[in-house]
Amino acid sequence: MRVECPECLQPAVISKRNKISNHTSDLYCSCKNAECGHNFVSTLSFKHTLSPSRRTTQLLVFEYLKSIPQADLDSLLEKLSKCR
Ligand SMILES: [Zn+2]
């Protein structure tokens, strides 16, 4: 991951990451430009999903299937077996 110094717009290095939550971290950064030397903290955060995790999809399907009455589930499984 590349971080840019907000002062001189040159590359900076991340020296430490402080996890704030599962979706947010503070990144402690140092500018690599010797004439600048800016040390700063940037925030890295999750914004939105482009493609859902397979784990999430499988969990949703599992939870949904658990809620279906057994007779309907049996019927659904029978239909699925004929599709494959
Ligand atoms: Zn800089």
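**Salt bridges, a zinc site and a few single residues**

Lys 82 and Glu 78 sit four residues apart, about one turn of the helix, and both belong to helix 2, which covers residues 70–83. The model described here is a predicted one. In it, the side chains of Lys 82 and Glu 78 come together as a salt bridge, with 3.4 Å from N to O. As for solvent, Lys 82 is exposed, because its relative accessible area is 64%, and that value is over the 50% cut-off. Glu 78 comes out at 45% relative accessibility and so counts as partly exposed.

How many salt bridges does a search of the whole structure find? The count is two. Besides the one in helix 2, there is a salt bridge between the side chains of Glu 63 and Lys 66, at 3.5 Å from N to O. Here too both partners share a helix: Glu 63 and Lys 66 are in helix 1 (residues 54–67), three residues apart, again about one turn of the helix. Glu 63 is partly exposed, given its relative accessible area of 39%. Lys 66, at 52% relative accessibility, counts as exposed.

Turning to the metal, the zinc ion is held by sulfur: Cys 5, Cys 8, Cys 31 and Cys 36 each coordinate it through SG, at 2.3 to 2.4 Å. Along the chain, these donors follow the spacing C-x2-C-x22-C-x4-C. One pair, Cys 8 and Cys 36, links distant parts of the chain, with the two positions 28 residues apart. Cys 8 is in the loop between strand 1 (3–4) and strand 2 (11–21), while Cys 36 is in the loop between strand 3 (24–31) and strand 4 (39–45).

Why is the zinc arrangement tetrahedral? The four donor atoms subtend angles of 96 to 115° around the zinc ion, and this is what makes it so; the cut-off asks for all angles to lie between 85 and 135 degrees. Accessibility was computed for three of these cysteines. Cys 5 is buried, since its relative accessible area is 0%. Cys 8 is partly exposed at 24%, and Cys 36 is likewise partly exposed, at 28%. As for disulfides, the structure holds zero.

Leu 9 is found in the loop between strand 1 and strand 2, the loop that also carries Cys 8. Most residues other than glycine have a negative phi. Leu 9, however, has a positive phi of about 65° although it is not a glycine. Is Leu 9 buried or exposed? At 54% relative accessibility, Leu 9 counts as exposed.

Ala 12 has its place in strand 2. This residue counts as buried because its relative accessibility is 11%, and the cut-off for buried is under 20%. Ala 12 and Cys 29 are 17 residues apart along the chain, and their C-alpha atoms are separated by 6.1 Å.

Aromatic rings were checked as well. The structure holds zero aromatic pairs, but a ring does meet a charge: Lys 16 lies over the face of Tyr 28, at 5.1 Å from the ring centre.

Finally, Arg 84 is found in the segment after helix 2. At 84% relative accessibility, Arg 84 counts as exposed. Its C-alpha atom and that of Ala 71 are separated by 21 Å, with the two residues 13 apart along the chain.

Terms used:
Residues are numbered from 1 along each chain as its sequence is written. This is a predicted model: local features need pLDDT of at least 70, side-chain atom pairs count only at pLDDT 80 or more; totals for chains, interfaces and linings use all residues. Side-chain values use heavy atoms; hydrogens and water are left out. Rings of Phe, Tyr and Trp (its six-membered ring) pair if their centres lie within 6.5 Å; planes under 30 degrees apart count as stacked, over 60 as edge-to-face and the rest as tilted. A charge sits over a ring if NZ of Lys or CZ of Arg is within 6 Å of the ring centre and within 35 degrees of the ring normal. Donors are N, O and S atoms within 2.8 Å of the metal (3.2 Å for Na, K and Ca); water is not among the atoms, so sites may look incomplete. Four donors count as tetrahedral if all angles lie between 85 and 135 degrees; four count as square planar and six as octahedral if opposite donors are over 155 degrees apart and all others between 65 and 115; anything else is irregular. Buried means under 20% relative accessible area, exposed over 50%, partly exposed in between (1.4 Å probe, protein chains only). A salt bridge is a side-chain nitrogen of Lys or Arg within 4 Å of a carboxyl oxygen of Asp or Glu. A disulfide is a pair of cysteine sulfur atoms within 2.5 Å.
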